[in-house]
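Subject: Structure handover

Hello,

Here is the structure for you to take over. Please open it alongside this email.

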Amino acid sequence: MPTTPEADFVFNLVRQVGNPDQAEERLREIAHTDPDWSDVLTLAGGHGIVPLLNESISEIEELVPREYAQTVQNRCRSRALKNIRYVERLHDLNDAFRENQIQVIPYKGPVVAEVAYGSISRRWFSDLDFLVIEEDPLDAHGVLQDQGYKQTEFAGIPPSQLVNGSIFQWEGEFHFLNERDAIPIDLRHQFVGKYRNGEGLFSDLWERRTSVSLAGESVPALSPEDRVVLLLAHGTKHGWCRLSWVCDVALLLQQDVQWNDIIDRAAQYGWKTAALLGIAVAAELAEIDVPRSVRRQISADPRANIGSAILCALFSADPTGDRLDLDPLTIILLLNNTPRDSLREAFNKAVSPWPSDYQWISLPQKLYPLYYLVRPLRILLHKIKK
């Protein structure tokens, strides 16, 4: 665990998921030492778990300065109102997609808040994420444009050029923003790692979909096991640098899920190591129970076993989590099942143009191949200037 009392306090908010009695006892012990509550709030805010902080200090309010407790409470109330606006927009967009017969599944954000925490007010989120079936990304793109949204990345490149095969480092996700409400929208139709056997992934997700009630209205949702698999892959991609992601997975794994299905599906789509590593991190930080068979698989996978230990050690050294976001290294090493796929991923990351290359110089479509020269030139000039 982190060495400072402030960091220890925040990490015990996560520990409450699997070990509530000892975590609450430790929270009281730290509160008695009069920690720097501003630092506690800053750290909890960076990890997106202020609602958990608010709930915990309400249990030990006699040990917490009143003005600090009020500040936390006001921040949660303000964010809860913002979350309601996000859910309203989610319903509007879901209706628009359905009217246009486009198959989309909202995931993460409000759905995870409702399913894992039981309320959209108990989980902070900063955008709305939609999965769109592979055949529909351009149609879904058009629906968002009709709703007043503008693409915020690769704005000068025709969307069809990205969907149908782009030379750029693009992870199959469009980013949009409507200036009227400033609610970012992410529309995903691919996942990181081009070389895994992911054919049919979205069809599988769609066929296994369930539904979730948000603010009294039903929306399509991933199955419980698929939800965990995608969150495990996402967290490992970013090195589990946010404790809110650890809480999400830990809470979901404590529900009625089929552990074998989670591991089997992760293996099918190329994420078995990523899933095992994420489970190991959740087991360590949230102290949740993990079936013995899954623990054996973690121990037998060196990348998952050693990788989770390294990430937890980095958290101890830097509780902010800034040192853990190692993308694209985590993608190369942990989101590919085989060494061959990892090597191909590494080669692709090394030579393919990045969004920053396009932003540095905008070339017409017929000259896109020149970006393979633009990239090393830009890097060279940057190093010379530095």
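Below is what was found in it, by region.

Please keep in mind that this is a predicted model.

The open sheet

Five strands make up an open sheet, ordered 1-2-5-4-3, with mixed pairing. Strand 1 (104-107) and strand 3 (150-151) are the edges. Each has a single partner strand, so one side of each has no neighbour in the sheet.

Start at the strand 3 edge. Strand 3 pairs with strand 4 (residues 173-177) in the antiparallel sense, over two bridges. Lys150 has Leu177 in strand 4 as its bridge partner. Strand 4 then runs antiparallel to strand 5, joined by four bridges. Two residue pairs can be named here. Phe174 stands opposite Leu187 in strand 5. His175 stands opposite Asp186 in strand 5.

On to strand 2. Strand 2 and strand 5 run parallel, and four bridges join them. Asp129 stands opposite Asp186 in strand 5. Asp186 therefore has two partners to look at: Asp129 and His175.Which residues of strand 5 are buried, and on which side? Ile185 and Leu187 lie on one side, Asp186 and Arg188 on the other, and all are buried. Both faces of strand 5 are covered.

Helix 7 (residues 137-146) lies across part of this sheet. The strands it crosses are strand 2 (128-132), strand 3, strand 4 and strand 5 (185-188). Helix 7 runs at about 165° to strand 5.

The loop between strand 4 and strand 5 holds Ala182. Ala182 is not a glycine, yet its phi is positive, about 60°. Its relative accessibility is 48%, so Ala182 counts as partly exposed.

The hairpin

Strand 6 (residues 210-214) and strand 7 (residues 217-221) pair in the antiparallel sense over five bridges. In this pairing, Ser213 stands opposite Ser218 in strand 7. Strand 6 and strand 7 form a hairpin, with two residues between them. Ala215 sits in the turn and has a positive phi of about 55°.

Helix packing

Helix 11 (residues 243-253) packs with helix 13 (residues 272-285). Their axes are 9 Å apart, at an angle of about 95°. That makes helix 11 roughly perpendicular to helix 13.

Which residues meet in this contact? Helix 11 brings Leu243, Val246, Val249, Ala250 and Leu253. Helix 13 brings Ile279, Val281, Ala282 and Leu285. The residues of this contact divide into nine nonpolar, no polar and no charged.

Helix 12 (residues 259-268) contains Asp264. Asp264 is at 52% relative accessibility, so it counts as exposed. The C-alpha atoms of Asp264 and Val229 are separated by 9.7 Å. Along the chain, Asp264 and Val229 are 35 residues apart.

The cores

The largest nonpolar core has 88 residues. Phe9, Leu53 and Trp271 touch the most other members. Helix 13 gives the most to this core, with 10 residues.

A second, separate core has 39 residues. Val143, Phe154, Phe176 and Leu187 are among them. Two of these names tie back to the sheet. Leu187 stands opposite Phe174, and Leu187 is also one of the buried residues of strand 5.

Backbone points to check

Most residues other than glycine have a negative phi, and most peptide bonds are trans. Here are two more places to look.

The first is Asp34, in the loop between helix 2 (20-32) and helix 3 (37-46). Asp34 has a positive phi, near 55°, and is not a glycine. Asp34 is exposed, with a relative accessible area of 56%.

The second is the peptide bond between Asp327 and Pro328. This bond is cis, with omega of about 15°. Pro328 lies in the loop between helix 15 (302-317) and helix 16 (329-334).

Best wishes

How values were computed
Residues numbered from 1 in each chain as written. Predicted model: local features only at pLDDT ≥ 70, side-chain atom pairs only at ≥ 80, totals over all residues. Heavy atoms only, no water. Buried < 20%, exposed > 50% of the residue type's maximum accessible area, 1.4 Å probe, protein only. Axes fitted to C-alpha atoms, helices over the stretch in contact; angles between N-to-C directions. Parallel < 35°, antiparallel > 145°, perpendicular 65-115°, else oblique. Contact = heavy atoms within 4.5 Å. Nonpolar A, V, L, I, M, F, W, Y, C, P; charged D, E, K, R; others polar. Core = buried A, V, L, I, M, F, W, Y, C linked by side-chain atoms within 4.5 Å. Pairing = 2+ DSSP bridges.
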